[in-house]
Amino acid sequence: VDNVLIGEVWVCSGQSNMQMTMAGYYNQPIIGANEAIATSANESIRLFTVTREKSLEVKDDFTGEWLECVPENVADFCAAGYFFGKMVQQTLGVPVGLICSSWGGTRIEPWMSESGLKNFNWVTLPDKKTEGDFSVQSPTVLYNAMIAPMVGYSIAGGLWYQGESNRNEPAEYEKLMPGLVQNWRDEWGIGDFSFYYVQIAPYDYGTSGLNSAFLREAQFKASDDITNIGMACTMDVGEKSNIHPADKKAVGDRLAYLALAKTYGKKGFEYSGPVLKEMVIEGPVVKLTFDHAKNGLTTFGKELVNFKVAGENQRFYPATATITSKGITLVSPQVEKPVAVRYAFDDYVVGELFNTEGLPASSFRTDDWPMK
C-alpha cells in the first residue's frame, strides 16, 4: 500500500449548489474556475465523489474512489468543497480529504436516517417493500445509499449546502436542519463533530410560493440551536435569474473561515458577518447594534437601500439608513412610531451590509408577524 495520507476529512453534502463542479453547469460558470483548476495540483489534498444512488434499505457500500488533487480531477469535483479544502489545507499544513455526496434538487428529508426522522411527526417514511421505482425525494433514501456506507469513517466534520427545495416550509426546516446534524452525529457516534452550512443565496423564485427570506431566516436561527455548527452567509453573491451562484469561492472560503476559527482554533480573523445584537427605538429613530463588527460596518461604497421599518399596523416602508460609530440609525418619514425592522427580507436582493472584514450580514427581521 502506498500513496496514503492521514489528515482532516470533511463530508460535503446537499443539493445542486454543493454538487456543482469546478467546471460548472452548462452555460453556468464558476468565477475564476479556469485559473483555479490550472493551479490546483496539491499532493496533500484528496477528492472522493460518491456516485448518486438511492435505496429504501440501508446499504453498507457505495461507488467512488479517492482521487489525487490534479486539474483533471478538480474540474469534476464540487466547487464549494474544493475551495474550502484548499484554504484549510494551506492554513493547517496537513493533508485534507474531501468526500462529496450530493444530489441536485433534493430536499433535506432524504438525507436523514429512519431513526433521525422519528422526531418529526409530519414526515412520512416510505414503505420499504415498494416495488419498482421510487422518488429520490423519499425520506431516508439518500442517507441509506450515500451516507450510511461511510458512517464510522473518521471525519473532522460536515459541510452542507441545501435548502432551496424546502423553501416553502421554513418552520419545519428550522427544526430539520439541526435535526439532520444531530442525526448524523448520533449515527457516527464520535461526538459532536463540527458541521457548517451555507445559507441559500437570494434568487427570484417568482410569485409562486413563499418569500425565500423566511427559509434564510430558518437557516440563520438553526445556527444557534445546537453546538459546533455555523452558517456561511451568501447575501452578496446571489443571482436574480440563476439559482446556482457563480461565486463558489466566496462560499468555500466562508465555510473555511468557520472551520479554521471554530474547529481548529485559529485566531486573528473574522468568521461571521454582522449579526444584530440590539434594537433601541427612540421616538421615530431606530438604532441597531451588531456583533461580529468590532471594526465597524461598511457598504464598500454602496447606498444602504434594503432596510425597512414598520409601525403597529405591520406595514413596512423604506428607511433611510446611516452607519454610525455604534451601528446603524434608521428613520422613515412614513413611520412615526416604528416597532419593527427588516433588512434585505426579500426573495431576490443584493445585500450591501458588511463588516470591514468583508463578510455580509444575513437578511433579518425583528418581528414575528405571519409569513407573507
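This report walks through the open and enclosed spaces of the model and one covered helix.

A quick word on the ground rules: this is a predicted model, where local features need pLDDT of at least 70, side-chain atom pairs count only at pLDDT 80 or more, and totals for chains, interfaces and linings use all residues. Residues are numbered from 1 along each chain as its sequence is written, and side-chain values use heavy atoms, with hydrogens and water left out.

Let's start with the pockets. On a 1 Å grid over the protein atoms alone, a pocket is an open set of points with protein on both sides within 12 Å along at least five of seven lines, while a cavity is a set of points where a 1.4 Å probe fits but cannot get out; lining residues have an atom within 4 Å of a point. Points are joined across faces, edges and corners, and a volume is the space filled by probe spheres set on them.

| Space | Volume | Lining by class |
|---|---|---|
| Largest pocket | about 350 Å³ | 12 nonpolar, 6 polar, 4 charged |
| Second largest pocket | about 290 Å³ | 11 nonpolar, 4 polar, 3 charged |
| Largest cavity | about 40 Å³ | 6 nonpolar, 2 polar, 1 charged |

For the classes, Ala, Val, Leu, Ile, Met, Phe, Trp, Tyr, Cys and Pro count as nonpolar, Asp, Glu, Lys and Arg as charged, and the others, Gly among them, as polar.

The largest pocket has a volume of about 350 Å³. Closest to its centre, out of 22 lining residues, are F220, S223, M231, S272 and V275. Two elements, β7 and α9 (248–263), give two or more residues to this lining, and β7 has the largest share with 4 residues. Helices (H or I, at least four residues) and strands (E, at least two) are DSSP runs, numbered from the N terminus.

Over at the second largest pocket, 18 residues make up the lining, with L5, G7, V9, W66 and Y153 nearest the centre. Here β1 (8–14), β3 (66–69) and β4 (96–102) each chip in at least two residues, and β3 gives the most, with 3.

As for enclosed space, the whole structure has 1 cavity of 30 Å³ or more. Its walls are N17, E164, A201, P202, Y203, Y205, N242, I243 and P245.

Finally, helix α8 (residues 213–222) is mostly covered, with 8 of its 10 residues buried (under 20% relative accessible area with a 1.4 Å probe, protein chains only; over 50% is exposed, and in between is partly exposed). The buried ones are A213, F214, L215, R216, E217, A218, Q219 and A222. Their cover includes α7 (170–188), β6 (194–198), β7 (229–232) and β17 (364–365), where contact means heavy atoms within 4.5 Å.
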